[in-house]
Amino acid sequence: MDKVMNDYLIKIEKYLKSMSDSERIDIEKEIKSVMLELQNNSVFSEQIIERLGNPKELAKAYLGEAISKNSKFSWRKFGAIFAFCSSFAGINGMLLLPFISTLSIALMIGGVITPIGGIVKFVGYLMGYDIAGVTIEMGAFTPSPMQFLPISIVIGVLMFWLGKVLWKLNIKYIHAISQKKKTV
Amino acid sequence: MNVEDWKSQIKRGTLDFCILLLIKQRPYYGYEIISKLEQYPIVAAKENTIYLLFRRLLKEEYISSSWQESTEGLPPRKYYTLTEKGILKRDVFRMG
């Protein structure tokens, strides 16, 4: 493992920092194994890194693959999206993606909080309290606590669903970017 | 989709099939597969493509992998084998 290959590995490591440890270690083990294998077959280090491609491109593809492997949500993935954007996504991605992923999370959280608010208000109403802060004003119409409960549930479901859709779109977009410029 | 994207899609699909075909016979590790494919220019591909393809096939559960330590001087090797789902996929490819 000479300097050329070591430098390559260090570069890749840098870009993959936001991955989970186990995944990053597996990828590094794989790349090292490829390099040694090629070396054993008398391929020069310069050729080896040429075959592996630009380390930034390779890391981008690995990271994109790891992010888009499923559309499940996790805070780690949220962080990885930010890391992906700052290294790889270009101007559009740097503005758009973090914004959309933050928005999608806000919508999902809001989608959960809103029906909770509706339930709390309704329960308060049943117990004789009027929790004035929790309500929605739709033009001149302010729903009563009884009306507010189903409204809040509907709004909550819509918000949550919208948040999920945005999150999935985000993932798909990252998948598309990470595949671009791949020379087959 | 322009012609380049389309060609690249086709090549990727063909590569998928070739890899599944090879692995059906016995477990292969990455370098073996690349060397084998090199013999056929139409599917020859570089490491950066193939290893990401493996990752995708793994994620889609068509193949499974395990690291094997090798004899002295040789690096550990990641062997790939076909899963049940992979066998079915291979058959679907064949028929289509």
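**Exercise 1. For chain B of this predicted model, determine what share of the contacts with a separation of 6 or more comes from residues 24 or more positions apart, and then describe the fold and its overall dimensions.**

*Solution.* Begin with the contacts in chain B that have a separation of 6 or more: 49% of them are accounted for by residues 24 or more positions apart. Next, list the secondary structure, which in chain B amounts to 4 helices and 3 strands, arranged along the sequence in the pattern α-β-α-α-β-β-α. Then turn to compactness: the radius of gyration of chain B is 14 Å, and the globule rule gives 12 Å for 96 residues, a close value, so chain B is as compact as a globular protein of that length. Taken along the principal axes, the box filled by the C-alpha atoms of chain B is roughly 50 × 25 × 25 Å. Finally, consider burial, for which the count shows that 28% of the 96 residues in chain B are buried.

**Exercise 2. Work out the strand order of the sheet in chain B, and identify which strands lie at its edges.**

*Solution.* Start from the pairings. Strand E2 of chain B is joined by 6 bridges to strand E3 (residues 77-82), and E2(B) and E3(B) run antiparallel. Between E1(B) and E3(B) there are 2 bridges, again with an antiparallel course. Since two strands pair if at least two bridges are found between them, both of these links qualify as pairings. The result is an open sheet of 3 strands in the order E1-E3-E2, with antiparallel pairing. Strand E1 (28-29) and strand E2 (63-68) of chain B each pair on one side only, and these are the edge strands.

The register can then be read from individual residues. On the E2(B) side, B:Ile63 stands opposite B:Leu82 of E3(B), while B:Ser66 stands opposite B:Tyr79 of E3(B). On the E1(B) side, B:Tyr29 has B:Tyr79 as its bridge partner in E3(B), so that B:Tyr79 is matched with B:Tyr29 as well as with B:Ser66.

**Exercise 3. Characterise the packing of helices H4 and H5 within chain A.**

*Solution.* Helix H4 (residues 55-67) and helix H5 (residues 75-88) of chain A pack with their axes 10 Å apart and at an angle of about 150°. Because angles over 145 degrees count as roughly antiparallel, H4(A) is roughly antiparallel to H5(A). The crossing of H4(A) and H5(A) is left-handed. As for the residues involved, A:Lys60, A:Leu63, A:Gly64 and A:Ile67 of H4(A) meet a set in H5(A) that consists of A:Lys77, A:Ala80, A:Ile81, A:Phe84 and A:Phe88.

**Exercise 4. Establish which elements of chain B touch chain A, and how H4(A) is oriented against H3(B).**

*Solution.* First take the totals: 20 residues of chain B are in contact with 16 residues of chain A. On the side of chain B that touches chain A, at least two residues each are supplied by helix H1 (3-25), helix H2 (30-38), helix H3 (47-59) and E3. The largest share of that side, 8 residues, comes from H3(B).

Now examine the helix pair across the chains. H4(A) and H3(B) pack with their axes 11 Å apart and at an angle of about 10°, which makes H4(A) roughly parallel to H3(B). In this contact A:Leu58, A:Ala61 and A:Glu65 of H4(A) take part together with B:Asn48, B:Leu52, B:Arg55 and B:Arg56 of H3(B).

Methods. Residues are numbered from 1 along each chain as its sequence is written. Chains are lettered from A and ligands numbered from 1 in the order in which they are written. This is a predicted model: local features need pLDDT of at least 70, side-chain atom pairs count only at pLDDT 80 or more; totals for chains, interfaces and linings use all residues. The radius of gyration is taken over C-alpha atoms; the globule rule is 2.2 Å times the number of residues to the power 0.38. A residue is buried if 20 or more other C-beta atoms lie within 10 Å of its own, exposed if 12 or fewer, and partly exposed in between; C-beta atoms are placed from the backbone. Two residues are in contact if their C-beta atoms, placed from the backbone, lie within 7 Å. Axes are lines fitted to C-alpha atoms, for helices over the stretch in contact, and angles run from 0 to 180 degrees between N-to-C directions. Angles under 35 degrees count as roughly parallel, over 145 as roughly antiparallel, 65 to 115 as roughly perpendicular and the rest as oblique. A crossing is left-handed if the near helix is turned anticlockwise from the far one by less than a right angle, and right-handed if clockwise.
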